[in-house]
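This report describes the overall form of one protein and then turns to selected local features. Please keep the sequence and the structure in view while reading.

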Amino acid sequence: MSAPVTAPRLSDVVRALERRYPPSTAESWDAVGLVAGDPAQEVRRVLLAVDPVADVVEEAVAWGADLVVTHHPLLLRGVHSVAATTFKGALLHRLVRSGVALYTAHTNADAAAGGVADALAEAVGLVDTRPLQADAAEALDKHVVFVPVADAERLVDALAAAGAGAVGRYARCAWTATGEGTFTPLDGASPAVGEVGVASRVVEARVEMVAPRRLRSAVVAAMRAAHPYEEPAFDVLELASWPGSTGTGRVGRLARPTTLAAFAAAVAAATPATAQGVRFAGDSDGRVEHVAVVGGSGDAFFDDVRAAGVDAYVTADLRHHPASELRERAAFEAGDGAARPFLVDLAHYASEWPWLAHAARTLQSDLAGLGTTVETRVSTLCTDPWTGRVDASAHPLPEGHP
């Protein structure tokens, strides 16, 4: 008979979230992690939303949520009071009184695998994606250890238990070769093999395993504890760094090329409706196949977009001057009028909302792997601050108005 599935504690949920979106990968200016809540409380229902605003909190309370996970921080800048006389203080008091915890995954969720960038790329139809601005892969060491052949397997097991030998989706990865080692124990030594004052020759295995540099001390300690020699021979080599699989934004291609106007329409259909809608800059009939995306404010990445050589760039919060200069420069350099990249501009909220469904699915899956379960809901409240737009062509100025 299988064990009953139980609700996780908040601390379990936080650990699951932080394995997916490590806080250490957040920007230095960011504020991520648990904002409110008792780590010991049980979590049965989790509401996910882009913004920690009052309407979202009321939705959580009405639904009976135990936790709200938001993308944007409530307390990004330092505060000196959370009294209920302030709007943020009142929101926190409402959460605490209702027993609802609050957790934020912001820039650490932007760049992560399965994070905001991947979700937006998938929503607009991109395949074969890679980071627009790749983060460096985790720094690695190569541990090289010489050990008697009979002890090699036991040593590999010990190093793997300490975190070495993990490569992608494979564990306990090691390379070995054999050779002959020689040494002479001196007075005061307690050799596991050989005698003091007598030269010894031993058939040894050379064992090589990679490990994250942050685990260096633990891996070396595990090696020393498992090694039969009093003074094992080993090297720790720092491997070269290279771009990783995570980072800001994504670059990919559409399965079928289309026009800029049709692509912008597809982007609008794939993201939440907002008062702003979807704007685009460029030839409406221009061909679009290769695309870059950045969730949230993206005009800081124009140089990376140009270097990627894409046809179009999807992002949010594009300002007049940077957008105008990008298009003018593209037209000047193209010379033939085929100015790339085109721009597709979303509301900030709309560009980040697709991530919520990804986060909900992976959280349920990760917690199920621990033998626990939660119910998740993605908030469909539009928290974009703009509530309306007036089309000037539908409301012409009176005759004679300047």
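Buried residues make up 41% of the 402 residues in the protein. The model is a predicted one, and the values below were computed from it. The accessible surface of the protein comes to about 21100 Å², and carbon and sulfur atoms account for 53% of that area.

**Overall form**

The chain forms 12 helices and 15 strands. Its radius of gyration is 28 Å, well over the 21 Å that the globule rule gives for 402 residues, so the protein is more spread out than a compact globule. Along the principal axes, the C-alpha trace spans about 110 × 60 × 50 Å.

Contacts along the chain can also be examined by sequence separation. Among contacts between residues at least 6 apart in sequence, 75% join residues at least 24 apart. As for charge, the protein carries 34 positive and 49 negative charges, and the mean positions of these two groups are 3 Å apart.

**Two helices**

Which residues of helix α1 are buried? In this helix, which covers residues 10–20, they are Leu10, Val13, Val14, Ala16 and Leu17. Seen down the axis of α1, these buried residues fall within an arc of 160°, so they line one face of the helix. A general rule helps in reading such a pattern: an α-helix has 3.6 residues a turn, so residues three or four places apart point the same way. The buried residues of α1 pack against the strands β1 (33–36), β3 (67–70) and β4 (101–104), and also against helix α12 (355–368).

Helix α5 spans residues 116–123. Its buried residues include Val116, Ala117, Ala119, Leu120 and Ala121. Just after α5 comes Gly125, which takes a positive phi of about 95°.

**A loop residue and its contacts**

Ala84 lies in the loop between β3 and α3, the latter being residues 87–97. Is Ala84 buried or partly exposed? Its relative accessible area is 46%, so Ala84 is partly exposed; the cut-off for a buried residue is under 20%. Leaving aside neighbours within four places in sequence, Ala84 is in contact with Gly89, Ala90 and His93. The C-alpha atoms of Ala84 and Arg94 are separated by 8.8 Å, and these two residues are 10 residues apart along the chain.

**Backbone geometry**

Most residues other than glycine have a negative phi, and most peptide bonds are trans. The table lists two residues that are not glycine and that have a positive phi.

| Residue | Phi | Place | Relative accessibility |
|---|---|---|---|
| Asp128 | near 55° | strand β5 (residues 126–136) | 57% |
| Asp317 | about 60° | loop between β13 (312–316) and α10 | 33% |

At 57% relative accessibility, Asp128 counts as exposed, whereas Asp317, at 33%, counts as partly exposed.

Where in the chain is Pro341 found? Pro341 is in the loop between α10 (320–334) and β14 (342–346). A cis peptide bond joins Arg340 to Pro341, with an omega of about 5°.

Notes: Residues numbered from 1 in each chain as written. Predicted model: local features only at pLDDT ≥ 70, side-chain atom pairs only at ≥ 80, totals over all residues. Heavy atoms only, no water. Helix = DSSP H or I, 4+ residues; strand = E, 2+ residues; numbered from the N terminus. Rg over C-alpha atoms; globule rule 2.2 N^0.38 Å. Buried < 20%, exposed > 50% of the residue type's maximum accessible area, 1.4 Å probe, protein only. Contact = heavy atoms within 4.5 Å. Areas by Shrake-Rupley, 256 points an atom, 1.4 Å probe, with all protein chains shown as cover. Lys, Arg positive; Asp, Glu negative; His and termini not counted. Charge placed at Lys NZ, Arg CZ, Asp CG, Glu CD. Arc of directions from axis to C-beta.
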